[in-house]
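User: Please choose the surroundings of the ligand in this model and describe them closely, and then carry the description on to other parts of the chain. I would like each term explained with its cut-offs as you come to it.

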Amino acid sequence: QLQDPNLILMASASRFMRFIIMGPPGGGKGTIAERIVRDFPIKSLASGDLLRHHMAIKSKLGLEVGKYMNRGELVPDSLVLELIIEEQSKAAANSHLLLDGFPRTLPQAENLCSRMQIDRVMNLDVPFNVIVERIKGRWIHPGSGRTYHTEFNKPVREGFDDVTGEPLIQREDDKESVVLDRLSHYKDLTEPVLEYFRQRGLLLQFTGSYSNEIWPKVHEFLAQEIEPLQYTKYS
Ligand code: ADP
């Protein structure tokens with residue numbers, strides 16, 4: 001019922017590329033996606049941003065998805081699909097496209113691929129233990145939002161804010177058990193999606209522990225497909 005044959009025809013006849021970026025929570029996907037749209041003429045569609053926008057404007061869809069998002073649960077496939085299909089057909093008509101945060105489940109991937117041709121899926125392959133170490137060391141000053149890290153950005157006095165001297169706290173969802181939960185949830189849902197794209201020969205793996213390690217590889221790949229916007233340094 002969501003299908004529009006004209007849009008599908010237009011999309012498949014266009015020379016615009018369609019990429020998907022995937023990666024575990026806390027793996028730096030946001031950083032890489034930002035650099036992609038900074039350096040290449042690619043429009044990004046982030047499902048989380050679109051959903052939050054609908055919540056903010058209190059659209060019918062926004063009101064429906066709010067209860068799932070507030071609980072940190074995935075929004076039902078049918079609602080996400082409706083949104084993405086509509087938005088991507090607008091965006092893909094005149095630009096290269098990067099889908100970010102979508103598809104997250106196998107039914108989403110199958111549905112998407114039945115509507116549009118996907119050129120490449122870039123998976124950021126960041127070891128889970130690296131992510132856990134990074135997130136669990138993060139502490140914040142609740143008053144100001146200042147963040148510290150027990151290894152990379154220590155406060156002068158352990159456990160206390162440099163500016164106010166007030167105690168630092170750890171966000172609930174930065175605690176090790178919560179991070180591990182999220183990662184295993186991600187793995188359960190997205191492994192089948194990765195496998196789906198792997199079988200279709202679309203999957204590219206970009207392995208590394210840090211964004212600065214992964215970014216040059218992503219840049220190199222994309223520069224073969226699309227003319228970069230400007231000369232870019234690999235950072
Ligand atoms: P995060 O990476 O922290 O999950 P996102 O911005 O990608 O952040 O997503 C925020 C929320 O939006 C998710 O927790 C989920 O409720 C919803 N969401 C985003 N994308 C999808 C999707 N493809 N399928 C289902 N729910 C989604």
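Analyst: A polar contact is a pair of N or O atoms within 3.5 Å; within protein, one atom must be able to donate a hydrogen and the other to accept it, and residues adjacent in sequence count only if both atoms are side-chain atoms. The model is predicted, so local features need pLDDT of at least 70 and side-chain atom pairs count only at pLDDT 80 or more, while totals for chains, interfaces and linings use all residues. Residues are numbered from 1 along each chain as its sequence is written, and side-chain values use heavy atoms, with hydrogens and water left out.

One contact of the ligand is made by Arg-104, where an N or O atom of the side chain is 3.0 Å from a ligand oxygen. Ser-47 brings a polar side-chain atom to 2.7 Å from a nitrogen atom of the ligand, whereas Glu-73 uses a backbone N or O atom, which lies 2.5 Å from a ligand oxygen. The protein buries 75% of the 540 Å² that the ligand exposes when taken alone (areas by the Shrake-Rupley method with a 1.4 Å probe; for residues, only the protein chains shown count as cover). There are 13 residues around the ligand, and Ser-47, Arg-52, Glu-73, Gly-101 and Gln-108 come nearest (a residue is near a molecule or strand if one of its heavy atoms lies within 4 Å of it). Helix α3, residues 47-56, gives the most to this shell, with 4 residues (helices, H or I of at least four residues, and strands, E of at least two, are DSSP runs numbered from the N terminus).

Gln-108 also belongs to the buried set of helix α6, residues 106-115, together with Ala-109, Leu-112 and Arg-115 (buried is under 20% relative accessible area, exposed over 50%, partly exposed in between, with a 1.4 Å probe and protein chains only). These buried residues are on the same side of α6 because they cover an arc of only 130° around its axis, the arc being that of the directions from the helix axis to the C-beta atoms. An α-helix has 3.6 residues a turn, so residues three or four places apart point the same way.

Earlier in the chain comes strand β3, residues 96-100, in which 5 of 5 residues are buried. Both of its faces are covered, with His-96, Leu-98 and Asp-100 on one side and Leu-97 and Leu-99 on the other. β3 runs parallel to strand β1, residues 18-22, through 4 bridges, and Phe-19 has Leu-98 as its bridge partner. With strand β2, residues 42-46, the pairing is also parallel, over 5 bridges, and here Leu-45 is matched with Leu-99; strands pair if DSSP finds at least two bridges between them.

Ser-95 sits in the loop between α5 (77-92) and β3 and is buried, at 9% relative accessible area. Leaving aside neighbours within four places in sequence, Ser-95 is in contact (heavy atoms within 4.5 Å) with Phe-16, Pro-41, Ile-42 and Lys-43.

Two further residues, each in a helix, can be set beside this picture. Ser-211, in helix α9 (residues 211-225), is buried at 18%, and among the residues it touches beyond four places in sequence are Gly-28, Thr-31 and Arg-35. Arg-182, in helix α8 (residues 176-199), is partly exposed at 34% and, with the same four-place exclusion, touches Pro-25 and Asp-173.
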